[in-house]
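Colleague: I would be grateful for an explanation of the terms applied to this structure. Please set each value against its definition.

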Amino acid sequence: MDEILNALTRAASFGTPLLLASLGAIVCERSGVVNLGIEGMMALGALAGFAVAYSGSSLWFAVLAAALAGVAAALLHALVTMTFRANQFIAGLALTMLGLGVAGLLGKPYEGFPLSDTALEWPFTLGAGLLAIALYGVFFYTRAGLLLRSVGENPAAADVLGMNVALVRVLATAFGGALAGIAGAFLSLAYRPSWTDGMTVGLGWVAVALVIFTGWHPLKAVLGSLFFGVLYYLQFRLQGSVAVPTEVLAALPYILVIVVLAVIGARGQQGNAPESLGRPYRRGER
Amino acid sequence: MKNVLMLAAVAGLVGVGLHSSAQTSVPKSCFVYVGPVGDIGWTFAHNEARLLTEKAIPGLETKFVESVPEAQAMPTIDKLVGDGCKVVFTTSFGFMDQTLEAAKKYPDVIFAHTSGYKRAPNMATYMADFYQIYYLNGMMAAALSKTGKLGYVGAFPIPELKRHISAFALGARAVNPKATVNVKWINAWFDPVKAREAAESLISEGAEALAFTEDTATVVQTAAKKNIPVFSHYNSMYKFGPDVVVSGQLVHWEKIYIDFMKKVVAGGYNTKSLQNVDYWWLLREKAVELGAQNGMPINPKFMARLKAVSITVAGKKTNVYDRVMALNADMSSAKPTFDPYTGPIMDRNGILRVPAGKVASIGDLNSMGWVAPGVLGEIADEPAK
């Protein structure tokens with residue numbers, strides 16, 4: 001019993017940044033915009049949060065700064081992909097590299113220092129859980145959710161009905177950036193309160209995978225984050241207890257994700273992707 | 001008159017020649033780092049040492065490349081040699097074979113590789129090793145735990161870590177013969193998330209004190225959250241957990257770099273003379289130091305608890321605190337009498353590894369595949385015989 005409780009505790013802790021970032025990405029992608037820049041936005045958020053907290057400001061400001069850093073990066077993505085109509089996938093990859101690079105450069109003066117006032121983990125975890133429930137409600141039970149989804153499914157039809165497709169997409173992208181930034185803040189203020197170049201160690205990419213894995217569904221994202229968190233923890237807990245090389249255990253979370261994706265694919269349940277995901281919209285074009 | 005002018009011109013040329021040779025007598029030295037200079041661990045320490053070496057050797061110009069993946073050492077070295085580097089330090093075990101290859105490719109460049117065992121006429125090896133300090137940390141860890149269950153987060157199961165883990169376990173068993181060291185591998189030098197989860201796993205399995213060999217302060221931070229004793233690794237990590245950091249190990253790579261560069265400048269070390277140059281510097285050479293912060297071997301907060309644990313050494317009763325300080329003083333002296341790897345030492349499978357009365361050689365320690373009794377968990381490449 002203790003073992004299970006402990007595994008779930010670890011899963012909740014490790015899963016929190018995954019859940020925050022993937023909820024943001026779900027909102028973004030539900031509006032039809034793919035943003036693969038999560039890792040970069042996370043790094044910027046982690047640095048912004050740490051820098052503000054380190055300067056002595058309150059942790060609330062630190063989290064706000066992290067969210068704003070994420071929003072700024074996300075708006076850059078919106079500008080490049082919507083105004084200049086760059087390919088969303090490539091722009092997102094570029095955003096990851098840019099975000100990691102800029103954070104690494106600006107973060108040099110902050111490396112190697114602890115925070116005097118660190119954040120607790122559970123408020124982030126609780127907040128992420130409540131947000132998942134709220135998003136579920138908004139998506140499927142409110143007009144705003146319908147609007148967001150229709151923009152992602154069929155922007156031309158939404159446009160005909162008088163919705164501002166571009167505005168919805170910009171706001172959804174910004175929301176995704178804010179949550180990626182807060183996920184970064186969780187890492188640099190609570191999970192491991194310090195700043196180091198590269199401290200996001202690929203969690204942003206796991207969040208990208210989780211979005212697909214959980215079928216763009218906010219509640220399933222909660223389960224997905226916990227599932228991944230348990231597996232991630234088990235790679236260490238099982239070391240020494242089972243006769244499996246540590247490298248195989250380390251690959252276990254990723255192997256299982258592939259297996260689950262394959263099963264979902266084989267059962268034909270992969271129709272959840274928003275219809276015009278990744279496709280730019282301009283009136284009069286199709 | 002013409003002759004005088006000629007003479008002056010020749011003198012001028014010679015002067016210029018002398019001048020430029022004086023300028024180039026301190027060769028440009030370059031460093032290949034495996035991690036970011038801000039990792040607060042291994043690479044940070046090498047970089048601090050680089051800056052101190054620059055100060056100590058007048059006219060020395062240095063350059064570094066950070067976060068070089070272990071497979072990418074060769075292109076990085078090519079670039080550095082192209083930029084005029086005459087001495088190249090490669091600071092990760094994983095760079096070994098590529099450094100050797102580079103030494104053959106660039107016979108006019110001096111190479112020095114950290115923690116490896118392959119050398120060439122123009123390639124030396126160097127290491128500031130901590131095994132003595134891990135032994136002392138192990139003693140303190142066992143003294144601070146009720147059950148003797150200790151935990152250790154390791155990067156990769158290479159000889160260096162097996163040597164550290166075993167020394168830690170030998171030290172722990174010198175205080176508590178039933179002590180165990182549970183090991184979790186993260187298969188990375190730099191991965192704070194894995195380090196955190198590995199430490200959490202050790203704590204959930206009952207570890208009452210933690211030590212580690214990887215390049216971040218994460219294990220210290222995790223121990224601070226759970227309020228359990230921890231031993232810092234590599235740099236001053238005291239500030240990340242002033243209430244939980246007991247001690248740890250500090251490195252002074254500059255002792256080696258300055259010595260090496262002085263000998264290069266003086267000409268003793270050149271592209272023909274390095275085949276047998278292997279620095280293996282320990283407490284005695286002051287290349288390493290006991291403590292979590294310079295000048296503080298043991299956190300005063302733990303002094304009373306360590307003094308309260310008595311042990312018997314050669315029939316005399318003493319306490320762990322005094323014993324650790326005495327051993328540290330002995331191993332830091334010009335002629336140490338104590339070495340943690342003094343036989344008889346069995347490995348954890350009961351095979352005699354260091355015969356009675358013998359001390360393990362540098363070669364033995366550098367190729368260690370076995371681990372000491374008390375070490376738990378999976379150990380890759382453990383020799384069966």
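The exchange below takes up burial, salt bridges, the disulfide, strand pairing and a surface patch in turn.

Colleague: What should a reader know about the model and its numbering?

Modeller: This is a predicted model, in which local features need pLDDT of at least 70 and side-chain atom pairs count only at pLDDT 80 or more, while totals for chains, interfaces and linings use all residues. Residues are numbered from 1 along each chain as its sequence is written, chains are lettered from A and ligands numbered from 1 in the order in which they are written, and side-chain values use heavy atoms, with hydrogens and water left out.

Colleague: Why does A:S116 count as exposed?

Modeller: Buried means under 20% relative accessible area, exposed over 50%, and partly exposed in between (1.4 Å probe, protein chains only). A:S116 has 81% relative accessibility and therefore counts as exposed. This residue is in the loop between α4 and α5 (122-141) of chain A. By contrast, A:C28 has 3% and therefore counts as buried.

Colleague: What makes strand β9 of chain B largely enclosed?

Modeller: Five of the five residues of β9 (residues 230-234) of chain B are buried, so the rest of the structure largely encloses this strand. Helices (H or I, at least four residues) and strands (E, at least two) are DSSP runs, numbered from the N terminus.

Colleague: Why is the contact between A:R10 and B:E200 called a salt bridge?

Modeller: The term requires a side-chain nitrogen of Lys or Arg within 4 Å of a carboxyl oxygen of Asp or Glu. For A:R10 and B:E200 the N to O distance is 3.4 Å, and the pair is therefore a salt bridge. The pair crosses between chains, from helix α1 (residues 2-30) of chain A to helix α7 (residues 192-204) of chain B. Both A:R10 and B:E200 are buried.

Colleague: What does the salt bridge between B:D83 and B:K63 tie together?

Modeller: B:D83 lies in the loop between α3 and β3 of chain B and B:K63 in strand β2 of chain B, so the pair ties together parts that are 20 residues apart in sequence. The closest N and O atoms of B:D83 and B:K63 are 3.4 Å apart.

Colleague: How do you know that B:C30 and B:C85 form a disulfide?

Modeller: A disulfide is a pair of cysteine sulfur atoms within 2.5 Å. The sulfur atoms of B:C30 and B:C85 are 1.9 Å apart, so this pair qualifies. The torsion about their S-S bond is about -75°, so the disulfide is left-handed. Both B:C30 and B:C85 are buried.

Colleague: Why are β9 and β10 of chain B said to pair?

Modeller: Two strands pair if DSSP finds at least two bridges between them. β9(B) and β10 (residues 245-251) of chain B have five bridges, in the parallel sense, and therefore pair. Within this pairing, B:S232 has B:G248 as its bridge partner.

Colleague: Which residues make the nonpolar surface patch?

Modeller: A:L76, A:L79, A:F84, A:L98, A:V102, A:L105 and A:L106 make this patch of about 670 Å². Patches are made of residues with over 30% relative accessible area and no salt bridge, like charges being joined within 9 Å and nonpolar side chains (Val, Leu, Ile, Met, Phe, Trp, Tyr) within 5 Å. Accessible areas come from the Shrake-Rupley method with a 1.4 Å probe, and for residues only the protein chains shown count as cover. A:L106 has 52% relative accessibility and counts as exposed.
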